[in-house]
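Please open the model in your viewer and keep the selection tool at hand. The tour below goes from one selection to the next and says what is found at each stop.

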Amino acid sequence: MNQTSNARKSLTHTLCILLMLALEPAIAASHSVNLRFSAGSSWQARNDIQIPNTESGTRFSLQDVAGTGPTNSARLEVNWMVNERHGVRVLLAPLSYTETVTFGRDVRFAGESFASYQSAEATYRFNSWRLGYHYSLMHNDVS
């Protein structure tokens, strides 16, 4: 993994932790906000790619050329019950990595040609940024 990718991941994790710490006083004062932060590692089991998805592109396994991991990952989820029935959910789950790869054969990908001896940077990105609304049909007061 290159230094730029590591720096981006460290910055993302730091920002998630700072956001969690900044929200902590509001969460402590209110029972209507729920905050979850998780960090860990991710592995890939299968990731076959081909662009374009025709004979003019070469299908190859990103797992074979970049490895299976582990890759650092973090996730921040905030649930806010605006009132008894209405709620808002925010999810921040960045997941990306960049590896230097060398293909074992000639590859045509996204309009570019890579010779079997040529190294290239491969970036996998599967970020999830979500904002949602929910409505509770039933409200049970647990006392």
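## First stop: Tyr135 and its surroundings

Select Tyr135, which counts as partly exposed at 44% relative accessibility, and keep in mind throughout that the model in front of you is a predicted one. Tyr135 belongs to strand 10, which covers residues 128-135. Now add Tyr133, Leu137 and Met138 to the selection, and you have, together with Tyr135, a nonpolar patch on the surface whose accessible area comes to about 550 Å².

From Tyr135, move on to His86, since Tyr135 is one of the residues in contact with His86 once neighbours within four places in sequence are left aside. The other residues on that contact list are Trp80, Met81, Tyr133 and His134. His86 itself sits in strand 5 and is partly exposed, its relative accessible area being 29%. If you draw a distance between the C-alpha atoms of His86 and His134, the viewer should show 6.0 Å, although 48 residues along the chain lie between the two positions as a separation in sequence.

## Second stop: Ser32

Trp80 and Met81, which are among the contacts of His86, also lead to Ser32, which touches Asn79, Trp80 and Met81 when residues up to four places away in sequence are not counted. Select Ser32 and you will find it in the loop that runs between helix 1 (3-29) and strand 1 (33-42). With a relative accessible area of 24%, Ser32 is partly exposed. Between Ser32 and Asn79 the C-alpha to C-alpha distance is 8.1 Å, for a separation of 47 residues in sequence.

## Third stop: the charged network around Glu77

Which residues are linked in a network of salt bridges? Select Arg36, Arg75, Glu77 and Arg89, and show their side chains, for these are the residues that the network links. In general, side chains of opposite charge can pair when their charged atoms come close.

Begin with Arg36 and Glu77, whose side chains meet in a salt bridge at 4.0 Å, N to O. Arg36 lies in strand 1 and Glu77 in strand 4 (residues 71-81), so this pair ties together parts that are 41 residues apart in sequence. Is each of these two side chains' residues buried or partly exposed? Arg36 counts as partly exposed at 48% relative accessibility, whereas Glu77, at 9%, counts as buried, because the cut-off for a buried residue is under 20% relative accessible area.

Next, look from Glu77 to Arg89, where the side chains meet in a salt bridge of 3.1 Å, N to O. Since Glu77 is in strand 4 and Arg89 is in strand 5 (residues 86-93), the pair ties together parts that are 12 residues apart in sequence. Arg89 is partly exposed, with a relative accessible area of 28%.

Finally, select Arg75, whose side chain also meets that of Glu77 in a salt bridge, at 4.0 Å, N to O. Arg75 is partly exposed as well, with a relative accessible area of 36%. Across the whole structure there are 4 salt bridges.

## Fourth stop: the nonpolar core

Leave the charged residues and select Phe60, Leu62, Ala66, Tyr97, Val101, Phe103, Val107, Phe114, Ala120 and Ala122, which make up the largest nonpolar core, with 10 residues. Helix 2 (62-66), strand 6 (96-102) and strand 9 (119-125) each supply at least two residues of this core. For a closer view, centre on Val101, which touches Val65, Ala66, Gln118, Ser119, Ala120 and Ala122, leaving out residues up to four places away in sequence.

## Last stop: the whole chain

Clear the selection and colour the chain by secondary structure, which comes to 2 helices and 10 strands. Followed from the N terminus, the elements run α-β-β-β-α-β-β-β-β-β-β-β. Of the 143 residues, 24% count as buried, and the accessible surface comes to about 9,900 Å², with 54% of it belonging to carbon and sulfur atoms. If you display contacts between residues at least 6 apart in sequence, 62% of them join residues that are at least 24 apart.

Definitions and conventions: Residues numbered from 1 in each chain as written. Predicted model: local features only at pLDDT ≥ 70, side-chain atom pairs only at ≥ 80, totals over all residues. Heavy atoms only, no water. Helix = DSSP H or I, 4+ residues; strand = E, 2+ residues; numbered from the N terminus. Buried < 20%, exposed > 50% of the residue type's maximum accessible area, 1.4 Å probe, protein only. Contact = heavy atoms within 4.5 Å. Core = buried A, V, L, I, M, F, W, Y, C linked by side-chain atoms within 4.5 Å. Areas by Shrake-Rupley, 256 points an atom, 1.4 Å probe, with all protein chains shown as cover. Patch = residues over 30% accessible without salt bridge, like charges linked within 9 Å, V, L, I, M, F, W, Y side chains within 5 Å.
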